[in-house]
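Biologist: Got a minute to go through this one with me? I'd like to start with the overall make-up and then get into the strands.

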Amino acid sequence: WLVAFFTEGKFFCAGSLIGPRHVLSAAHCFRSGKGPGDVTAYLGMTDPSDLSHPGVSKHSVLWWELHPEYDVTRRQGNGHDLAVVTLRASVEFGSDRQPICLPDVDLTEADMLTGNGTVVGWGTTEHKPGTSPLRKVEIPFRSDRLCTSYYRSQYEAHTMLCAGGEGAGDACKGDSGGPLMVKRNDRWYAAGVVSFGYECGPEATSPGVYARTDSRGDLMFLRN
C-alpha cells in the first residue's frame with residue numbers, strides 16, 4: 001500500500017493506498033503550486049533511484065483534495081494535515097498489493113494508540129535533504145502532555161498524535177505523507193500520517209508529530 005509521489009523526476013512525498021484509486025497522504029505535500037499533471041505515483045518501489053525494477057508500477061494522478069480544515073497559510077503546527085489523492089485508473093490488488101485499513105469504529109483510541117507503531121518510508125536517517133532505500137522503524141506512542149511540552153501551541157491533541165523521539169527513533173525528511181501504522185486483529189491500520197517535527201532519525205530527542213486519522217470528521221473526509 002505504500003505509494004511514492006514524484007514531481008519533475010524527483011521523489012517528494014509518500015502515501016498509502018486506502019482504495020483502488022485513492023491514496024492517503026499529508027496536506028502539506030500538496031499545498032504548493034503544482035497540479036495533478038505534475039505529479040506521478042509509483043507503487044512497489046523500494047529505492048527511489050530505481051524506478052525500472054520489475055515490481056514498480058507507474059500511475060497518473062487525477063486530482064487531490066486537502067482536508068477542509070487544513071490551513072494552507074501555516075507552515076508548521078497545522079492541524080488536519082491530511083490529503084486524499086485520486087489516481088486516474090484503479091490499482092489492481094493482489095497478494096503483494098493491498099490497501100491499508102482506516103481506523104475502525106469498533107477500535108477505541110486505547111486500542112489503536114497503545115504500545116508501538118511502525119513508520120515506513122524513504123526518508124533520510126538524518127535531518128538533511130535526500131532519500132534512502134525503503135526503511136521501517138518501530139516507535140512508541142507518546143502522551144499528548146509530552147508532545148505539548150516540546151511543541152507548545154503548535155500541538156493540537158484532537159488532530160495530532162505523538163510518537164518516537166527520546167532516543168527511540170522517528171520519521172525523517174522524505175517520510176512526509178507516509179503512514180504511522182499499527183497492527184490490530186491481524187490487520188494493518190493507518191493510525192496517523194507523518195506531518196512534522198523538530199528533529200528526526202535515530203537520535204531524535206523530540207517526538208515526531210503525526211496527523212490523526214481516527215476522529216469522526218477526519219474519517220468522514222477520508223472515506224468520502
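Biologist: So how many helices and strands are in the protein?

Modeller: It's a predicted model, and the protein has 3 helices and 12 strands.

Biologist: And what's the radius of gyration of the protein?

Modeller: 16 Å, close to the 17 Å that the globule rule gives for 224 residues, so the protein is as compact as a globular protein of that length. Along its principal axes, the C-alpha trace spans about 45 × 40 × 35 Å.

Biologist: Okay, strands. Which ones make up the closed barrel?

Modeller: The barrel has 6 strands in the order 7-8-9-12-11-10, with antiparallel pairing. From one strand to the next, the twist averages 45°.

Biologist: How many bridges join strand 7 to strand 10?

Modeller: 2 bridges, between residues 116–121 of strand 7 and residues 179–184 of strand 10, and the two run antiparallel. Thr 118, for instance, has Met 181 in strand 10 as its bridge partner.

Biologist: Which strands does helix 2 lie across?

Modeller: Helix 2, residues 144–151, lies across strands 8, 9, 11 and 12. Its angle to strand 12 (208–212) is about 120°.

Biologist: Switching topic: what share of the residues is buried?

Modeller: Buried residues are 52% of the 224.

Biologist: And what about contacts between residues 24 or more positions apart?

Modeller: Those account for 68% of the contacts with a separation of 6 or more.

Biologist: Last one: how much area does the protein expose?

Modeller: About 10700 Å², with carbon and sulfur atoms supplying 47% of it.

Note on methods. Residues are numbered from 1 along each chain as its sequence is written. This is a predicted model: local features need pLDDT of at least 70, side-chain atom pairs count only at pLDDT 80 or more; totals for chains, interfaces and linings use all residues. Side-chain values use heavy atoms; hydrogens and water are left out. Two strands pair if DSSP finds at least two bridges between them. Helices (H or I, at least four residues) and strands (E, at least two) are DSSP runs, numbered from the N terminus. Axes are lines fitted to C-alpha atoms, for helices over the stretch in contact, and angles run from 0 to 180 degrees between N-to-C directions. Contact means heavy atoms within 4.5 Å. The radius of gyration is taken over C-alpha atoms; the globule rule is 2.2 Å times the number of residues to the power 0.38. Buried means under 20% relative accessible area, exposed over 50%, partly exposed in between (1.4 Å probe, protein chains only). Accessible areas come from the Shrake-Rupley method with a 1.4 Å probe; for residues, only the protein chains shown count as cover.
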